[in-house]
Amino acid sequence: MATTDYLAAPEDLASWLGVPATDPRLLQALAAASSRFRGAVRHYVSLVEGDVTVLDGNGKQSLFLPAAPVVSVAAVEVDGETLTYLTDYEWSADGFLRRIGACWPNRLRCVEVVWTHGFDPVPEDIAEAVIDQARAQYAMRPGVTSMTVGGQSVSFGAQAAIGVTAQWTTAVEKYRLNWGDSP
């Protein structure tokens, strides 16, 4: 998971802003918007291959993996014992890991999963929302509440610094994981 793993192409943002795709402010705005989106949806979004995740058992038949979509599950171990796919467990693209004929132990850090998850490519609605947010961040002048150039004046308040568009809200709701839900 590289720090330059943006959720939209710098070239797409550059075409909106009329600056080179290598512009440091553009890249910082795109990184910040990507990070903000990942935080809002509660998972990494981009494809992550061979991720190793240790989960707490819950004493139930299903566990919820902490990202989606799930592309593959390479291995599952419980207390160091390797489980067999379709004999001991099954999984869904939505992030459910279900025991077959048993329940997961009700212990902390007892389940280890090696899996691949995320999107490749990133869905267009995510990229568009991130570009929109990055454009707003690029245009913001930190500490400026109003600016007059020629005969035109513009004002920025706290809402402009932290606001989001309807497009952003729709994309976040569509891709957010609800970790508080019970599987």
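What percentage of the 183 residues in the protein do buried residues make up? I looked this up first, in what is a predicted model. Buried residues make up 37% of the 183 residues.

**Entry 1: Overview**

I next listed the secondary structure of the protein, which comes to 5 helices and 9 strands. Read from the N terminus, the elements follow the order α-α-β-β-β-β-β-β-β-α-β-β-α-α. I then turned to the surface. The accessible surface of the protein is about 10,300 Å², and carbon and sulfur atoms account for 53% of that area. For the contacts, I considered residues at least 6 apart in sequence. Of the contacts between such residues, 75% join residues at least 24 apart.

**Entry 2: Helix 1 with helix 2**

Two packed helices are described by the angle between their axes and the distance between the axes. I applied this description to the pairs below.

Helix 1 covers residues 10-17 and helix 2 covers residues 24-41. Their axes come within 10 Å and cross at roughly 120°. That angle makes helix 1 oblique to helix 2. I noted the crossing of helix 1 and helix 2 as right-handed.

Which residues make the contact of helix 1 with helix 2? On helix 1, I found Pro10, Leu13, Ala14 and Leu17. On helix 2, I found Leu26, Leu27 and Leu30. Sorted by class, this contact has 7 nonpolar residues, with no polar and no charged ones.

**Entry 3: Helix 1 with helix 3**

I then examined helix 1 against helix 3. The axes of these helices come within 10 Å and cross at roughly 50°. Helix 1 and helix 3 are therefore oblique to each other, and helix 1 passes helix 3 in a right-handed crossing.

In this contact helix 1 contributes Asp12, Leu13, Trp16 and Leu17. Helix 3 contributes Ile131, Ala134, Arg135 and Tyr138. I recorded the classes as 6 nonpolar, no polar and 2 charged. Leu13 and Leu17 are among the helix 1 residues in the contact with helix 2, and they are also listed in the contact with helix 3.

**Entry 4: Cis peptide bonds**

I looked up the peptide bonds before two prolines. A cis peptide bond joins Ala68 and Pro69, with omega about -5°. I located Pro69 in the loop between strand 2 (62-64) and strand 3 (70-78).

Another cis peptide bond joins Asp120 and Pro121, where omega is about 5°. Pro121 has its place in the loop between strand 7 (111-117) and helix 3 (124-139).

**Entry 5: Positive phi values**

Where is Arg42 found? I traced Arg42 to the loop between helix 2 and strand 1 (48-55). Phi of Arg42 is near 70°, which is a positive value in a residue other than glycine. Arg42 has a relative accessible area of 36%, so I entered this residue as partly exposed.

Asp79 is another residue other than glycine with a positive phi, near 50°. I found Asp79 in the loop between strand 3 and strand 4 (81-82). The relative accessible area of Asp79 is 51%, so I entered this residue as exposed.

**Entry 6: Leu97**

Is Leu97 buried or exposed? Leu97 has a relative accessible area of 0%, and it is therefore buried. This residue lies in strand 6 (residues 96-99).

I then compared sequence and space for Leu97 and Ser62. They are 35 residues apart in sequence, and their C-alpha atoms are 5.5 Å apart. Leaving aside neighbours within four places in sequence, I listed the residues in contact with Leu97. They are Gln61, Ser62, Leu63, Leu65, Val76, Tyr89, Glu90, Trp91, Trp104 and Val113.

**Entry 7: Gly163**

Which residues does Gly163 touch, not counting residues up to four places away in sequence? I found Arg36 and Gln133. Gly163 and Gln133 are 30 residues apart in sequence. From C-alpha to C-alpha, I read the separation of Gly163 and Gln133 as 8.9 Å. Gly163 lies in the loop between helix 4 (158-162) and helix 5 (166-175).

Key: Residues numbered from 1 in each chain as written. Predicted model: local features only at pLDDT ≥ 70, side-chain atom pairs only at ≥ 80, totals over all residues. Heavy atoms only, no water. Axes fitted to C-alpha atoms, helices over the stretch in contact; angles between N-to-C directions. Helix = DSSP H or I, 4+ residues; strand = E, 2+ residues; numbered from the N terminus. Parallel < 35°, antiparallel > 145°, perpendicular 65-115°, else oblique. Left-handed = near helix turned anticlockwise from the far one by under 90°. Contact = heavy atoms within 4.5 Å. Nonpolar A, V, L, I, M, F, W, Y, C, P; charged D, E, K, R; others polar. Buried < 20%, exposed > 50% of the residue type's maximum accessible area, 1.4 Å probe, protein only. Areas by Shrake-Rupley, 256 points an atom, 1.4 Å probe, with all protein chains shown as cover.
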